[in-house]
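Reader: Hello! Could you take one part of this protein and walk me through it closely, then set it in the context of the whole chain?

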Amino acid sequence: MKIQERTGAGAGRSAAPAQPSVGDRLPTPPRERKPALAALAVLLILVGALGATMLVLQVGDRVEVVKVTRDIQQGESVTSDDVTSALVAADDSINYVKWNQLSALKNLKARTTIYKDTVVMGQMFGEDGGVAAGKSTVGLSLKAGQYPTGLQRGDTVAAYRVSADSGAGNSNSSSSSSAAGNSVIVDQARVTYVPGAKNSGDELVSSTNLAVTLTVDSDKAADLAQAASNGEVALVLVSGKSGN
């Protein structure tokens with residue numbers, strides 16, 4: 001009898017459900033896939049790669065061209081001080097003046113006014129630029145004291161009629177004092193030619209006369225030329241200078 005009771009009790013215990021172990025995890029639901037986000041990420045990567053490629057191609061396809069650093073008036077030529085180089089996108093349909101063509105450009109004249117920071121095109125210059133309508137050029141030969149020191153091409157000056165012997169003076173001062181009380185021939189004239197400095201400093205050597213070419217209104221050209229031939233012209237630097 002005792003054996004049967006033990007057997008029955010053991011059978012009862014074995015039939016009880018087993019308890020889960022402490023280390024087992026509860027099952028998690030499967031992750032939801034989002035194919036639209038994955039496709040968008042791939043598209044963004046492709047667009048970025050394409051943009052970077054195009055940028056590299058554009059940067060590499062550049063040409064060095066001439067750009068003016070001051071206003072160039074009609075009939076004027078450029079010097080090394082009037083230009084700088086610039087990089088632009090290569091385009092065979094645009095007649096850029098390449099930087100390596102600067103020497104040839106210096107021998108040509110502007111056909112129209114070319115304003116500061118303009119990239120130069122071949123059609124802007126020619127062998128005979130001419131003078132703008134209503135303007136004339138007049139050449140002067142000035143002694144020390146008849147012009148301000150540091151005179152540069154592109155400056156705006158006033159021309160005064162003075163007596164022939166009033167030009168002698170100190171070349172380091174403006175000629176406005178010698179022109180005081182005398183009549184104004186031209187109130188605004190543009191210096192289109194003046195020799196460069198011939199010494200180590202900024203001042204012009206005054207041992208000989210200074211050759212200056214002015215562009216003036218045509219109705220003032222005759223009076224200015226007559227006064228210049230008699231040595232009766234003094235120049236004064238005025239506002240309106242075309243700076244670099």
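Author:
**A close look at Leu-43**

In this predicted model, Leu-43 is partly exposed, with a relative accessible area of 48%. That value lies under the 50% that exposed residues exceed and is not under the 20% that would make a residue buried, so Leu-43 falls in between.

Happily, there is a good deal to see around it. Leu-43 belongs to helix α2, which spans residues 35–60. On the surface, Leu-43 joins Leu-37, Leu-40, Leu-44 and Val-47 in a nonpolar patch. Together, these residues have about 500 Å² of accessible area.

Now for the wider setting. The protein chain exposes about 15700 Å², and carbon and sulfur atoms supply 53% of that area. Of its 244 residues, 29% are buried. The chain holds five helices and nine strands, and along the sequence they follow the pattern α-α-β-β-α-β-β-β-β-α-β-β-α-β.

Among the strands, β5 (residues 135–142) makes a nice companion example, with one face covered and the other uncovered. Ser-136, Val-138, Leu-140 and Leu-142 are on the covered face, while Lys-135, Thr-137, Gly-139 and Ser-141 are on the uncovered one. Strand β5 runs antiparallel to β8 (residues 210–217), and eight bridges join the two. In this pairing, Ser-141 stands opposite Ala-211 of β8.

Finally, a word on contacts across the chain: among those with a separation of 6 or more, 72% are between residues 24 or more positions apart.

Notes: Residues are numbered from 1 along each chain as its sequence is written. This is a predicted model: local features need pLDDT of at least 70, side-chain atom pairs count only at pLDDT 80 or more; totals for chains, interfaces and linings use all residues. Side-chain values use heavy atoms; hydrogens and water are left out. Patches are made of residues with over 30% relative accessible area and no salt bridge: like charges are joined within 9 Å, nonpolar side chains (Val, Leu, Ile, Met, Phe, Trp, Tyr) within 5 Å. Accessible areas come from the Shrake-Rupley method with a 1.4 Å probe; for residues, only the protein chains shown count as cover. A salt bridge is a side-chain nitrogen of Lys or Arg within 4 Å of a carboxyl oxygen of Asp or Glu. Helices (H or I, at least four residues) and strands (E, at least two) are DSSP runs, numbered from the N terminus. Buried means under 20% relative accessible area, exposed over 50%, partly exposed in between (1.4 Å probe, protein chains only). Two strands pair if DSSP finds at least two bridges between them. Contact means heavy atoms within 4.5 Å.
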